[in-house]
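User: I would like to go through the labels attached to this structure and see how each one follows from its value. Please give the cut-off wherever the reasoning needs one.

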Amino acid sequence: MRVRTILGDVAPSALGKTLIHEHLAVDWGEMLGRPKILDFEYDAMRDKMVNALNAVRVYGIGAMVECTPIGCGRYIDLFRDVSAASGVKIICSTGFFHESWCPMHPIARAFDIDAMTDLFVREITEGMGGTLIKAGIIKCATGEGRVSPKEEQVLRAAARAHRQTGCPIITHTTGGLGDVQLDIFESEGVTPGEVIISHVGCEKDNWLAYSEALLQRGANISFDRIGEPSFGADQHWIDLLTNAIQKGFIRRVMFSHDSAVLIHGYNEVINPGVEITGDFTYISRVFIPKLQQAGVTDQQLSIMFEENPQRVLAF
Ligand SMILES: [Zn+2]
């Protein structure tokens, strides 16, 4: 078993504390038909990202999953340089985003399930895009209120690529439908325990029952919008995490910020009022001390922040 990082395969234990869902860059230019941010000053952007990762290393965080899929700002060479310079291990994503917030990526629109499966497998086993840098996770996503036919195809391709390679799957959810995602994966022979459902706790209501239902089915879930108040106050996440622990699901729970250093497109389309800071230290600085005050022990923290990511990312 190994974890496939942007700089090569490593033993799971080499990761240390791991942020399970973050972004160095989110750039929707390619999908929105706008210019991508290609004219950023490379060295300055690299330094900005390296600084953001150096700041989390101070807290003993050794790895981060970069959840930006194909065409959404996945600047592979930049991410590799940032990982090399900072020493923080980065796990990169293959896969496609959903089509509620912006059009589905043109490659996903053109490809059928088999072609998408082949693409994901190639990105995991040979290299992403035109590089020899391999993806270490498959990202897929569903939009608001329903799973579109194309989104379902992407999920099925993710499941089939997972079955061929063992590479883990992480999903984006938009206000729910994690249960429908699990139905689709199960119909492809992928068990909930092989999947990480992201953005749990960002639904309109019914958070406890929804998160418990996913956990009951055996899924790994991630409360990963911690630190941005518009997605929920700290107490919201503390309630959800402590409930999962009390119900016996600590081995299936992780947490992260879903932040980004470079953002282009997202704010204009989705969240004009939200400031994405690119600060990956909030959980370490602010949130973990609050969890400790709420009675979460060091051993429990290490299960959620180290052991669980190491297990789910290994294949
Ligand atoms: Zn994300």
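User: Why is Ser211 called buried?

Analyst: The model is predicted, and in it Ser211 has a relative accessibility of 1%. Buried means under 20%, so Ser211 counts as buried. Ser211 sits in helix α8, residues 207-216.

User: Which residues does Ser211 touch, leaving out those up to four places away in sequence?

Analyst: Ser211 touches Val200, Ile221, Phe223 and Leu240. Ser211 of α8 is also among the residues that meet α9.

User: What makes the packing of α8 and α9 oblique?

Analyst: The angle between α8 and α9 is about 40°, and their axes are 10 Å apart. Roughly parallel requires an angle under 35 degrees, and roughly perpendicular starts at 65. An angle of about 40° falls under neither heading, so α8 and α9 are oblique to each other. Their crossing is right-handed.

User: Which residues form the contact of α8 with α9, and how do they divide by class?

Analyst: From α8 come Trp207, Leu208, Ser211, Glu212 and Leu215, which meet His236, Asp239, Leu240, Asn243 and Ala244 of α9. By class there are five nonpolar, three polar and two charged residues.

User: What is the angle between helix α9 and helix α11, and why is α9 called oblique to α11?

Analyst: The axes of α9 (residues 234-246) and α11 (residues 282-293) cross at roughly 60° and come within 10 Å. The perpendicular class runs from 65 to 115 degrees, and the parallel class is under 35. Roughly 60° belongs to neither, and that makes α9 oblique to α11. The crossing of α9 and α11 is right-handed.

User: Which residues of α9 and α11 meet?

Analyst: Asp234, Trp237, Ile238 and Leu241 in α9 meet Tyr282, Val286, Phe287, Lys290 and Leu291 in α11. This contact has seven nonpolar, no polar and two charged residues.

User: How do you know that α2 and α3 are oblique to each other?

Analyst: Helix α2 (residues 42-57) packs on helix α3 (residues 76-86) at an angle of about 45°, with the axes 9 Å apart. About 45° is outside the parallel class, which is under 35 degrees, and outside the perpendicular class of 65 to 115, so the pair is oblique. α2 passes α3 in a right-handed crossing.

User: Which residues make that contact of α2 with α3?

Analyst: On the α2 side they are Tyr42, Met45, Arg46, Met49, Val50, Leu53, Asn54 and Arg57; on the α3 side, Asp77, Leu78, Phe79, Asp81, Val82, Ala85 and Ser86. They divide into nine nonpolar, two polar and four charged.

User: Why is Ala44 called partly exposed?

Analyst: Ala44, in helix α2, has a relative accessible area of 41%. Exposed needs over 50% and buried under 20%, so a value of 41% makes Ala44 partly exposed. The C-alpha atoms of Ala44 and Pro149 are separated by 41 Å, and the two residues are 105 apart along the chain.

User: Is Phe40 buried or exposed?

Analyst: Phe40 has 17% relative accessibility, under the 20% limit, so Phe40 counts as buried. Phe40 is in the loop between α1 (29-32) and α2. Leaving aside neighbours within four places in sequence, Phe40 is in contact with Met45, Tyr75, Leu78 and Leu262. Phe40 and Leu262 are 222 residues apart in sequence, yet 9.9 Å apart in space, C-alpha to C-alpha.

User: What makes Cys140 buried?

Analyst: The relative accessible area of Cys140 is 0%, which is under 20%, so Cys140 is buried. Cys140 lies in strand β6 (residues 137-141). Its contacts beyond four places in sequence include Phe96, Val154, Ile169 and Phe185.

User: Which residues coordinate the zinc ion?

Analyst: The zinc ion is coordinated by His21 (NE2), His23 (NE2) and Asp258 (OD), at 2.1 to 2.2 Å. Donors must lie within 2.8 Å of the metal, so these distances qualify. The donors follow the spacing H-x1-H-x234-D along the chain. His21 in strand β3 (residues 17-27) and Asp258 in the loop between β10 (253-255) and β11 (260-264) are 237 residues apart, so the pair links distant parts of the chain.

User: Why do His21 and Asp258 count as buried?

Analyst: Relative accessibility is 0% for His21 and 13% for Asp258. The limit for buried is under 20%, so His21 counts as buried, and so does Asp258.

Key: Residues are numbered from 1 along each chain as its sequence is written. This is a predicted model: local features need pLDDT of at least 70, side-chain atom pairs count only at pLDDT 80 or more; totals for chains, interfaces and linings use all residues. Side-chain values use heavy atoms; hydrogens and water are left out. Donors are N, O and S atoms within 2.8 Å of the metal (3.2 Å for Na, K and Ca); water is not among the atoms, so sites may look incomplete. Helices (H or I, at least four residues) and strands (E, at least two) are DSSP runs, numbered from the N terminus. Buried means under 20% relative accessible area, exposed over 50%, partly exposed in between (1.4 Å probe, protein chains only). Axes are lines fitted to C-alpha atoms, for helices over the stretch in contact, and angles run from 0 to 180 degrees between N-to-C directions. Angles under 35 degrees count as roughly parallel, over 145 as roughly antiparallel, 65 to 115 as roughly perpendicular and the rest as oblique. A crossing is left-handed if the near helix is turned anticlockwise from the far one by less than a right angle, and right-handed if clockwise. Contact means heavy atoms within 4.5 Å. Ala, Val, Leu, Ile, Met, Phe, Trp, Tyr, Cys and Pro count as nonpolar, Asp, Glu, Lys and Arg as charged, and the others, Gly among them, as polar.
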